[in-house]
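Biologist: I am new to this structure and should be grateful for a close look at a single part of it. Would you please take one strand of the sheet and describe its surroundings?

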Amino acid sequence: MPTKAVTDASFSEDVLNSDKPVLVDFWADWCGPCKMIAPALEEISEELADKVTIAKVDIMENTDTASQFGVQSIPLMVLFKDGKPVAQKLGAAPKSQLKGWIESVL
């Protein structure tokens, strides 16, 4: 399953009310490291589709959600379980590290 674009309007339904864990990637199109990890997140989204949904929130277009979670640096990945943030990772990393981190917090 490809990554899912989430907006301020859909965040509650897509992330907080999801029946499975959701990894939210807070990003912006001007962010080089965000662009570097995007292909890896797409691949991980396919590989772990039965375990986690990977969502992307563009912080420039969805300022309410970004400020609600105190996003100050990107890329910031926050894992939500049962509507609550349970883990976060700041910065770019190789696919193997990202996938390992996601699996360790699931």
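Modeller: The account below concerns strand β3 and the parts around it.

The model is a predicted one. Strand β3 spans residues 53-58, and six of its six residues are buried. Both of its faces are covered: on one side Thr53, Ala55 and Val57 are buried, and on the other Ile54, Lys56 and Asp58 are buried. In general, the side chains of a regular strand alternate between the two faces of the sheet.

The sheet to which β3 belongs is open and has five strands, in the order β1-β3-β2-β4-β5, with mixed pairing. Its edge strands are β1 (4-5) and β5 (84-90), each of which pairs on one side only. Strand β3 therefore stands between β1 and β2 in the order β1-β3-β2-β4-β5. With β1 it runs parallel, joined by two bridges; here alanine 5 stands opposite lysine 56 of β3. With β2 the strand β3 also runs parallel, through six bridges, and the bridge partner of valine 22 is threonine 53. Further along, β2 pairs with β4 in the antiparallel sense over five bridges, and leucine 23 stands opposite leucine 79 in β4.

Helix α2 comes next. Together, β2, α2 and β3 make a right-handed β-α-β unit. The helix occupies residues 32-47 and lies across β2, β3 and β4, running at about 155° to β3. Helix α4 (residues 95-105) also packs on the sheet, where it touches β2, β4 and β5.

One residue of α2 makes a direct link with β3. Serine 45 lies in this helix and is in contact with Ile54, as well as with Met1, Pro2 and Thr3, its neighbours within four places in sequence being left aside. Serine 45 counts as buried because its relative accessibility is 0%. A polar atom of the serine 45 side chain lies 2.4 Å from the backbone oxygen of methionine 1.

Finally, β3 takes part in the nonpolar interior. The largest nonpolar core has 18 residues, and β3 supplies at least two of them, as do α1 (11-16), β2 (22-27) and β4 (76-81). Among the residues with the most contacts inside this core is Ile59. Apart from neighbours within four places in sequence, isoleucine 59 is in contact with Phe26, Trp27, Ala28, Ala66, Val71 and Ile74. A second, separate core of 15 residues includes Leu23, Ala40, Met77 and Ala93.

Technical notes
Residues are numbered from 1 along each chain as its sequence is written. This is a predicted model: local features need pLDDT of at least 70, side-chain atom pairs count only at pLDDT 80 or more; totals for chains, interfaces and linings use all residues. Side-chain values use heavy atoms; hydrogens and water are left out. A nonpolar core is a set of buried Ala, Val, Leu, Ile, Met, Phe, Trp, Tyr and Cys residues joined through side-chain atoms within 4.5 Å. Buried means under 20% relative accessible area, exposed over 50%, partly exposed in between (1.4 Å probe, protein chains only). Helices (H or I, at least four residues) and strands (E, at least two) are DSSP runs, numbered from the N terminus. Contact means heavy atoms within 4.5 Å. A polar contact is a pair of N or O atoms within 3.5 Å; within protein, one must be able to donate a hydrogen and the other to accept it, and residues adjacent in sequence count only if both atoms are side-chain atoms. Two strands pair if DSSP finds at least two bridges between them. Axes are lines fitted to C-alpha atoms, for helices over the stretch in contact, and angles run from 0 to 180 degrees between N-to-C directions. A crossover is right-handed if, with the strands pointing away from the viewer, the path from the first strand over the helix to the second runs clockwise.
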